Amino acid sequence: MSMFDCIIVGAGPAGSSAAYHLAKRGHSVIMLEKAAFPRYKPCGGGVSPAVQEWFDFDFAPAIAAKVDRVGFTWKLGDPVSTNLKTQPMWMVQREVFDKFLVDKATEQGATLQDQTTVNGIKFNGSAWQVSTDKDPIEAKYLIAADGAKGNCANWLGLKSSPNHISMVLDLPEAPQATNIANFDFGSLKNGFIWRFPNGDRTSISAAILANPKGKPQEVQKQISKYAQAIGLDPSRGQMYEHPLSLWSDNKPLHGQNALVVGDAAGITDPLLAEGIRPSMFTGVKAAAAIANAIAGDSSALPEYSSIVHQAWGEEYVWAQRLSGLFFKLPGVAYKVGVKRPTAAQIMSQILCGQTRYTDITDKAIKTLKRSFLPGQG
Ligand SMILES: Cc1cc2nc3c(=O)[nH]c(=O)nc-3n(C[C@H](O)[C@H](O)[C@H](O)COP(=O)(O)OP(=O)(O)OC[C@H]3O[C@@H](n4cnc5c(N)ncnc54)[C@H](O)[C@@H]3O)c2cc1C
């Protein structure tokens, strides 16, 4: 049986970020991935440029478009749009972006074994034995990076959050405006629709954020209606359903010689549905923690949980509060919050890591509460 320092289950952005940084530190690491790479992942493909600072190579070849303008609508009407004052947001095609990152990891010496499904894990007292539909593999450490649909977090007793319904319609048509991202509120109850330019295609995503029990048929219907309303024929595209693994609370993200990262750790933003940047962050931090543990630091893995809780968990408490209030009276929230010229700037500052929910939520909640009072707003 092959023996590695670390087995990573799943080669999405969380897993490959961890693989890159572990391999770069000289550790032997293998990514076990059930799909054949490159693989498609249902996703809007919006990525914060803030991820660049965690890597020493340029992501430019993996970026399909850049967005420097954001538009909002309420039930497809009442539009506003504004230019961003932050760096432009990246738009990526996930089969390209994820393969790019995996290639960077393998260039550092990591191994990718794709078309390999992990179907069980067992700790034998000193190492993890991972069974697959091929040969079993052994490693001292394990990273669960198998996404919102994976089983590893459950097997480790670390599954953190209920999945939420989300879908994307990918249309094989380059958008007329390649630099604008659009968000529609009000059409989909307890959630929203977002349309991103994505090179030679347009992606229209939607998610129900404020209620884990939404109906997929409703999401599909609203996406199709949205596409038709902007002059696109939904039947020309492909609709995919995939759960969103929204953050719920600060649960442990480490077990015996094991960590969970990315959607397997329920790391997606409960208000904005951003998952790629937080997933990559957890991958980077998990690599550092495992390298420290290999070097003999017995508190390195618990420390990883604390780092993620501090960096994201504390933030997400505020995002959850804002989301709860927003979806209570979304029409009012649209009018007094989203439509303000500052809203898009704040959103992009949050995505770029320049502003924290902690800094803005108190004021936003007071504004929303004031406008919810009869006779106000
Ligand atoms: C419709 C939709 C739109 C979205 N839009 C955005 C967006 O615009 N911007 C953004 O930041 N986030 C977005 N997200 C969230 C984002 O896609 C995820 O947060 C992100 O992909 C998580 O990365 P990950 O590496 O944790 O998991 P994944 O990217 O899901 O990768 C997990 C990998 O594990 C593999 N795997 C699973 N089980 C096994 C197994 N048993 N054995 C081996 N391999 C296995 C899978 O094949 C997969 O390749 C969106 C999500 C959805 C559903």
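Me: Before I look at the ligand, what is a polar contact?
Reply: A polar contact is a pair of N or O atoms within 3.5 Å. In this predicted model, a backbone N or O atom of glycine 275 lies 3.0 Å from an oxygen atom of the ligand, so that pair falls within the cut-off.

Me: Which side chains place a polar atom beside an oxygen atom of the ligand, and at what distance?
Reply: Glutamate 33 has a polar side-chain atom 2.6 Å from an oxygen atom of the ligand, while for arginine 39 the corresponding distance from a polar side-chain atom to a ligand oxygen is 2.8 Å. Taken alone, the ligand exposes 1,000 Å², and the protein buries 95% of that.

Me: How many residues surround the ligand, and of which classes are they?
Reply: The ligand is surrounded by 39 residues, and among the closest are Gly46, Asp263 and Ile276. Sorted by class, the shell contains 16 nonpolar, 15 polar and eight charged residues. Helix H1, strand E12, strand E14 and helix H5 each supply at least two residues of this shell, and the largest share, three residues, comes from E12.

Me: How many disulfides does the structure hold, and how should I read that?
Reply: A disulfide is a covalent bond between the sulfur atoms of two cysteines. The structure holds zero of them; for cysteine 152, the nearest cysteine sulfur, that of cysteine 6, is 11 Å away.

Me: Why is cysteine 352 without such a bond, and is this residue buried or exposed?
Reply: The closest cysteine sulfur, in cysteine 43, is 17 Å from the sulfur of cysteine 352, which is too far for a bond. Cysteine 352 is buried, with a relative accessible area of 10%, and cysteine 152 is also buried, at 1%.

Note on methods: Residues numbered from 1 in each chain as written. Predicted model: local features only at pLDDT ≥ 70, side-chain atom pairs only at ≥ 80, totals over all residues. Heavy atoms only, no water. Disulfide = S-S within 2.5 Å. Buried < 20%, exposed > 50% of the residue type's maximum accessible area, 1.4 Å probe, protein only. Near = heavy atom within 4 Å. Polar contact = N/O pair within 3.5 Å; in protein donor to acceptor, adjacent residues only side chain to side chain. Areas by Shrake-Rupley, 256 points an atom, 1.4 Å probe, with all protein chains shown as cover. Helix = DSSP H or I, 4+ residues; strand = E, 2+ residues; numbered from the N terminus. Nonpolar A, V, L, I, M, F, W, Y, C, P; charged D, E, K, R; others polar.
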